[in-house]
Amino acid sequence: MYARTLAVGTLLAGAALGLAGPTAQAVEAGAVAVTPSSAAPGQSVRIGASGCASANPNASARAYSDAFPTASLSAVGGAGEVSGTSNVFSGAKAGTYTVTVVCDVSNPSQKYTGSFTVTGSSTTPQGVRGGLGGSFEDAGPGTIAAGAALVAVGLGATAYTVRRRMQRSS
């Protein structure tokens, strides 16, 4: 009786574990996955690849694309899977970009490619464009002369007012 209960319990536990399954998205060997597959300029993306099993345990994997800076990828799991993140360039144009993952930068022969899409709109908040306004434009000679004249008139008026007050108080 005890053996039967133990067997049924073990069977149910195994079935529950089998139904739970892995939570990470599986990538077939040699494939490159970019999540999300469609990203806006400035948005963070996760790059993953599988099949990077290497004889060198200290291998350094990298992901390259014209849409984002070079990303360092770290080993995840034990089946040669690597993963990392990068941000899409804020000036990236809309379109489809190739992503190349090199499994070991010291031996670049093992590499895989994939692709993802950059959408046209940016998700990066731009903020209010206030502040200095046109103060960064080049000032011509007329503008400089007018500014100097205003400063001279202001200094003269200040000197005249201070002198008159000093004469009245004495």
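# Fold, core and disulfide

Biologist: How much area does the protein expose?

Modeller: Carbon and sulfur atoms supply 59% of the exposed area. Areas come from the Shrake-Rupley method with a 1.4 Å probe, and for residues only the protein chains shown count as cover. The total that the protein exposes is about 11,900 Å².

Biologist: What pLDDT do local features need here?

Modeller: Residues are numbered from 1 along each chain as its sequence is written, and side-chain values use heavy atoms, leaving out hydrogens and water. This is a predicted model: totals for chains, interfaces and linings use all residues, side-chain atom pairs count only at pLDDT 80 or more, and local features need pLDDT of at least 70.

Biologist: In what order do the elements run from the N terminus?

Modeller: The protein has two helices and eight strands. These are DSSP runs numbered from the N terminus: helices are H or I with at least four residues, strands are E with at least two. The order is α-β-β-β-β-β-β-β-β-α.

Biologist: Which are the edge strands of the sheet?

Modeller: The eight strands form an open sheet with mixed pairing, in the order S1-S3-S6-S5-S4-S7-S8-S2. Two strands pair if DSSP finds at least two bridges between them. Strands that pair on one side only are the edges, here S1 and S2.

Biologist: How many bridges join S7 to S8?

Modeller: S7 and S8 run antiparallel. Within this pair, Val101 stands opposite Tyr112 in S8. The number of bridges joining S7 to S8 is eight.

Biologist: Which residue in S8 is the bridge partner of Ser38?

Modeller: Strand S2 (residues 38–39) pairs with S8 in the parallel sense, over two bridges. S8 has a covered face of Tyr112, Gly114, Phe116 and Val118. The uncovered face is Lys111, Thr113, Ser115 and Thr117. The partner of Ser38 is Thr117.

Biologist: And which residue in S6 is the bridge partner of Ala75?

Modeller: S5 and S6 pair in the antiparallel sense, over three bridges. Opposite Ala75 in S6, the bridge partner is Val82.

Biologist: Which residues have the most contacts inside the largest nonpolar core?

Modeller: Such a core is a set of buried Ala, Val, Leu, Ile, Met, Phe, Trp, Tyr and Cys residues joined through side-chain atoms within 4.5 Å. The largest one has 23 residues. Strands S1, S3, S4, S5, S7 and S8 each give two or more residues to this core. The residues with the most contacts inside it are Ile47, Val101 and Phe116.

Biologist: What share of the 170 residues is buried?

Modeller: Buried means under 20% relative accessible area, exposed over 50%, and partly exposed in between, with a 1.4 Å probe and protein chains only. Cys52 and Cys103 are both buried. Across the protein, the buried share is 22%.

Biologist: How far apart in sequence are the parts tied together by Cys52 and Cys103?

Modeller: The structure holds one disulfide, a term for a pair of cysteine sulfur atoms within 2.5 Å. Cys52 joins Cys103 with S to S at 2.0 Å, and the link is left-handed, with -60° about the S-S bond. Cys52 lies in the loop between S3 and S4 and Cys103 in the loop between S7 and S8, so the tied parts are separated in sequence by 51 residues.

Biologist: Which residues does Ser90 touch, not counting those up to four places away in sequence?

Modeller: Ser90 sits in the loop between strand S6 (81–87) and S7. Ser90 is exposed, at 63% relative accessible area. Its C-alpha is 4.5 Å from that of Pro41, although the two are 49 residues apart in sequence. By contact (heavy atoms within 4.5 Å), Ser90 touches Pro41 and Gly42.

Biologist: Is the peptide bond from Thr35 to Pro36 cis or trans?

Modeller: Pro36 is found in the loop between S1 and S2. Most peptide bonds are trans. From Thr35 to Pro36, omega is near -5° and the bond is cis.

Biologist: How many of the residues of H2 are buried?

Modeller: Helix H2 (residues 141–169) has 29 residues and reaches 42 Å from its first C-alpha to its last. That is close to the 42 Å expected, which is 1.5 Å times one less than the number of residues. H2 is hardly covered, and its count of buried residues is zero.
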